[in-house]
Amino acid sequence: MNKKIYITRKIPDVGLKMLKEKGILFDMGTSKLPPSKKYIKKMLSKYPYDGVISFLTDQIDTEIFDTCPNVKIFANFSVGFNNIDIEEAKKRGILVTNTPGTSGTAVAEHAVALMFALTTRLIEGDKFIRKGKFKGWDPELLIGTDIKGKTIGLIGVGDIGSRVAHMLHNGFGVNIIYSDVTQNTALEVDTGAKRMETAEILREADIVSLHVPLLPSTKHLINKSSLSTMKPTAIIINTSRGPVIDEKELINALENGIIAGAGLDVFEFEPKLVAGLSKLNNVALTPHIASSRQTARDMMAEISVKNIISVLESGIALNSVIK
């Protein structure tokens with residue numbers, strides 16, 4: 001009997017073609033919105049699937065594992081994997097994979113774009129002109145600030161954070177400071193970056209950009225206390241995971257001039273926003289689209305499917321996140 005997998009939402013055709021070439025059958029969810037856990041359990045209970053391609057919006061835990069005891073691998077269509085109970089998977093001998101290196105350029109470019117949206121006051125200008133308020137050139141209208149010469153603080157300099165550093169240093173002559181669990185000597189040599197403690201980054205940086213995974217140690221890393229140490233002219237950017245920032249305290253900081261602005265692609269209670277956030281003029285908000293490039297999506301599909309194929313054929317995961 002042919003192997004068969006379940007895919008919780010549609011993936012690009014390049015991945016489906018690979019499955020068909022290998023004779024691996026699949027059922028696939030069709031909803032553009034995240035399926036509920038109840039729905040995923042219902043679908044997984046219909047057939048003894050051999051593998052699952054899951055998404056970062058799917059909460060994969062004991063309930064899901066119990067529903068599909070035959071599944072050998074959950075291939076997460078994402079770089080992150082905080083949506084999966086890794087310890088429980090490990091106990092059960094279930095392999096879990098991700099898609100590293102697929103969205104680094106896209107997310108880094110998006111982080112930089114959010115920075116420029118705020119420093120140029122681009123979104124405010126767009127709203128201003130659409131409301132019919134533009135009556136002619138005014139030398140004092142929506143004064144912005146230069147990025148050139150600014151100090152950019154990167155919290156986390158893995159693939160994405162490093163790309164942000166190179167883009168900004170090489171393209172705009174900024175100063176790079178960073179914090180990370182390990183020293184990035186190559187980044188220091190290439191960009192002159194200086195490693196500091198996170199607390200120092202928050203005090204010194206003109207723009208802080210977050211590039212950390214969501215862990216117990218990083219939840220609410222940005223909170224009332226840490227925001228109070230930042231410059232009143234500072235901007236914070238988040239393209240990592242929403243709960244890294246305490247959104248209520250961020251709103252308070254933005255409303256009261258504790259910091260100057262924020263650019264967010266992810267949100268603490270996604271897809272809901274904390275009340276008041278969308279009404280602020282000093283924020284740039286995008287709907288979790290930082291990695292939304294066709295090149296990135298195709299690579300994510302390829303890697304997810306390659307992991308499925310490898311595990312079903314040989315029992316070996318190419319990108320295991322279980323150590």
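The following paragraphs describe the packing, selected residues and backbone geometry of this predicted model.

The nonpolar interior is a suitable starting point. In soluble globular proteins, nonpolar side chains tend to be buried together. Here the largest nonpolar core comprises 27 residues, and those with the most contacts inside it are Val208, Leu210, Met230, Ile236, Leu250 and Ile259. Two or more residues of this core come from each of helix H9 (198-204), strand E9 (207-210), helix H11 (247-255) and strand E11 (261-264). The largest share, 4 residues, is supplied by H11. Methionine 230 illustrates the connections of one core member: beyond the residues up to four places away in sequence, methionine 230 touches Leu202, Val208, Ile235, Ile236, Ile258 and Ile259. Apart from this core lies another, of 23 residues, with Val112, Ile147, Ala165 and Leu187 among them.

Attention now turns to helix pairs. Two packed helices are described by the angle between their axes and the distance between the axes. For helix H5 and helix H7 (residues 159-172), the angle is about 55° and the axes are 8 Å apart. H5 is therefore oblique to H7, and the crossing of the pair is right-handed. On the H5 side, the contact is made by Gly104, Thr105, Val107, Ala108, Glu109, Ala111, Val112, Met115 and Phe116. The H7 side contributes Asp159, Ile160, Arg163, Val164, Met167, Leu168 and Phe172. Sorted by class, the residues of this contact are 11 nonpolar, 2 polar and 3 charged. Val112 of H5, listed in this contact, is also one of the residues of the 23-residue core.

Two threonines of H5 can be considered in turn. Threonine 105 lies in H5 and is partly exposed, with a relative accessible area of 36%. With residues up to four places away in sequence set aside, threonine 105 touches Arg163 and Met167, and both of these residues belong to the H7 side of the helix contact. Threonine 105 and glutamate 197 are 92 residues apart in sequence, and their C-alpha atoms are 26 Å apart in space. Threonine 119 also lies in helix H5, which spans residues 104-119. Is threonine 119 buried or exposed? Its relative accessible area is 3%, so threonine 119 is buried, given that the limit for this class is under 20%. Outside its neighbours within four places in sequence, threonine 119 is in contact with Gly144, Thr145, Ile147, Ile207 and Ile235. Among these partners, Ile147 is a member of the 23-residue core, and Ile235 is also touched by methionine 230.

A second helix pair brings together helix H1 (residues 13-21) and helix H12 (residues 294-314), whose axes come within 7 Å and cross at roughly 25°. H1 is therefore roughly parallel to H12, and their crossing is right-handed. In this contact, Val14, Gly15, Met18 and Leu19 of H1 meet Asp298, Ala301, Glu302, Val305, Lys306, Ile308 and Ile309 of H12. The residues of the contact divide into 7 nonpolar, 1 polar and 3 charged.

The loop between helix H6 (122-130) and strand E6 (151-155) holds phenylalanine 134. Phenylalanine 134 is partly exposed, with a relative accessible area of 43%. When neighbours within four places in sequence are left aside, phenylalanine 134 is in contact with Phe128, Ile129 and Leu141. Its C-alpha atom is separated by 32 Å from that of glycine 171, which is 37 residues away along the chain.

The backbone has several noteworthy points. Most residues other than glycine have a negative phi, and most peptide bonds are trans. Leucine 142, although not a glycine, has a positive phi of about 45°. Leucine 142 is located in the loop between H6 and E6 and counts as partly exposed at 24% relative accessibility. Histidine 288, likewise not a glycine, has a positive phi of about 50°. Histidine 288 lies in the loop between E12 and H12, and its 23% relative accessibility places it in the partly exposed class. The peptide bond from glutamate 270 to proline 271 is cis, with omega near 10°. Proline 271 is found in the loop between E11 and strand E12 (283-285).

Methods. Residues are numbered from 1 along each chain as its sequence is written. This is a predicted model: local features need pLDDT of at least 70, side-chain atom pairs count only at pLDDT 80 or more; totals for chains, interfaces and linings use all residues. Side-chain values use heavy atoms; hydrogens and water are left out. A nonpolar core is a set of buried Ala, Val, Leu, Ile, Met, Phe, Trp, Tyr and Cys residues joined through side-chain atoms within 4.5 Å. Buried means under 20% relative accessible area, exposed over 50%, partly exposed in between (1.4 Å probe, protein chains only). Contact means heavy atoms within 4.5 Å. Axes are lines fitted to C-alpha atoms, for helices over the stretch in contact, and angles run from 0 to 180 degrees between N-to-C directions. Angles under 35 degrees count as roughly parallel, over 145 as roughly antiparallel, 65 to 115 as roughly perpendicular and the rest as oblique. A crossing is left-handed if the near helix is turned anticlockwise from the far one by less than a right angle, and right-handed if clockwise. Ala, Val, Leu, Ile, Met, Phe, Trp, Tyr, Cys and Pro count as nonpolar, Asp, Glu, Lys and Arg as charged, and the others, Gly among them, as polar.
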